[in-house]
Each structure stands twice: as structure tokens, then as C-alpha cells.
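Hi everyone, thanks for making time. I'd like to walk you through a couple of helices, so let's get the picture up on the screen.

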Amino acid sequence: MTTYGTIPTSSSSATTDLEYISRAKERIRSGLGTRRPWKVLLNHRALRLPPNASDALSRIRTNLAYFRMNYAIIVLAILFLSLLWHPISLIVLVAMMALWLFLYFLRDEPLVVLRRTIDDGVVLVVLSVLTIVLLLLTKATWNIVGAVLIGAAIVLLHAALRKTDDLFLDEEEVTAFAAEAGTSSYAATG
């Protein structure tokens with residue numbers, strides 16, 4: 001049977017590139033899908049002082065689990081804004097974020113270097129150390145430390161003040177966050 005006159009639909013390299021891009025988009029969307037609406041986060045009617053320290057800790061745990069992605073965006077935005085006056089540090093941060101995306105977050109297959117498979121834990125440690133070292137070499141150390149501390153203070157203050165009685169966590173979210181935080185028991189009441 002001849003195939004004269006047939007038009008190929010796509011080349012194999014173009015198809016694999018498009019598949020990789022669509023998988024990357026899907027992973028980013030699913031990661032950002034855990035972000036809660038900003039309207040819920042910034043609801044001023046839900047802000048109240050906690051009656052005691054244990055209630056404050058309970059609120060912090062629940063809010064950190066519920067608004068995890070929002071809080072990460074807030075800290076990263078504060079870090080980004082603090083580096084506007086240090087363009088070299090900003091370029092390094094953006095480059096390292098790209099490395100993190102491609103080498104850690106968006107990979108489907110294990111990383112292979114010189115015919116050896118590299119474990120995800122090794123990739124995590126190497127990227128973390130590389131990010132810290134490169135940012136410290138840009139001589140914006142106190143700026144970076146200050147921005148992260150300010151971001152953490154804002155997040156913890158909001159998490160302690162935000163009532164949790166209108167937040168509903170899935171069992172999977174509670175279990176996943178408790179495992180990440182290293183806690184075995186967790187109450188989602190506030």
C-alpha cells in the first residue's frame with residue numbers, strides 16, 4: 001500500500017515538545033489550583049484575636065494548611081519586591097526558580113546524569129544549597145533574610161488572627177499537611 005498524497009500531521013520532535021509544554025502547564029495549574037480565593041484570605045470580618053495560645057496555635061496550623069499556596073505567593077512576592085533594588089540578586093532568583101521548575105517540579109522521569117539516575121532527595125539538596133550559595137554571593141544577604149522574616153511574620157500574624165470556623169479542609173489536605181509539618185494529631189477547629 002502506498003502513502004502518496006498523505007500529509008503528516010506532526011513531526012515527532014514537535015509532538016514531544018508540545019506534550020512537554022502541556023504537561024508543564026498542567027502541573028503548574030494543579031499546583032496553583034490549591035491556591036484559595038484571595039477574597040477568602042483577605043476577609044476582614046474573619047480576623048479576631050485568639051482567646052489563648054493553644055487556640056492561636058490551632059488557628060496557625062489550620063490556616064497554614066488551608067492557605068498554603070497563598071502564603072507561599074505572599075512570601076515570594078515580598079522577596080521579589082525586596083530584590084528590586086538588587087538586580088543581580090533578582091536575576092539569580094529568577095534563574096534559580098527556572099532551574100527548580102525544570103529540574104524538580106516539572107520532571108516526569110527521574111533525572112539521569114552520565115547514565116546514572118539521580119534521586120529526588122539529592123536534587124532537592126543540591127538545588128537548595130545552590131540557591132542559597134548563589135543568593136548569598138550576590139551580597140544581598142541581609143535583604144533576603146529580612147524579606148523572608150517579614151514575609152514569615154506577616155503569614156504567622158494572619159494565620160493566628162484569622163478565624164477558622166468557616167474553613168473546611170479535606171481529610172487528604174489535613175493528613176498531607178500534618179505529615180509535612182511532622183505532627184501526628186491535628187484538630188481543624190478554631
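**Two helices, side by side**

Let's start with His-158, which counts as buried, because its relative accessibility is 16% and the cut-off for buried is under 20%. Keep in mind that this is a predicted model. His-158 sits in helix α7. So what does His-158 touch, if we skip residues up to four places away in sequence? The list is Leu-41, Leu-47, Asn-63 and Tyr-71.

Ala-153 is also a residue of α7, and here the relative accessible area is 45%, so we call Ala-153 partly exposed. Its C-alpha atom is 9.7 Å from that of Val-75, although the two residues are 78 apart along the chain.

Now over to α6, which covers residues 120-137. Does the length add up? Well, at 1.5 Å a residue, those 18 residues should span 26 Å, and the C-alpha atoms at the two ends are 25 Å apart, so that agrees.

Which residues of α6 are buried? Val-123, Leu-127, Thr-131 and Leu-135 are. If you look down the axis of α6, the buried residues fall within a 75° arc, so they line one face of the helix. Ile-132 and Leu-137, on the other side of α6, are exposed.

And what do the buried residues of α6 pack against? That would be α5 (87-105), the strands β1 (111-113) and β2 (116-118), and α7 (141-161), the helix that holds His-158.

One last detail: after α6 comes Lys-139, with a positive phi, near 60°.

Notes. Residues numbered from 1 in each chain as written. Predicted model: local features only at pLDDT ≥ 70, side-chain atom pairs only at ≥ 80, totals over all residues. Heavy atoms only, no water. Helix = DSSP H or I, 4+ residues; strand = E, 2+ residues; numbered from the N terminus. Expected span 1.5 Å × (residues − 1). Buried < 20%, exposed > 50% of the residue type's maximum accessible area, 1.4 Å probe, protein only. Arc of directions from axis to C-beta. Contact = heavy atoms within 4.5 Å.
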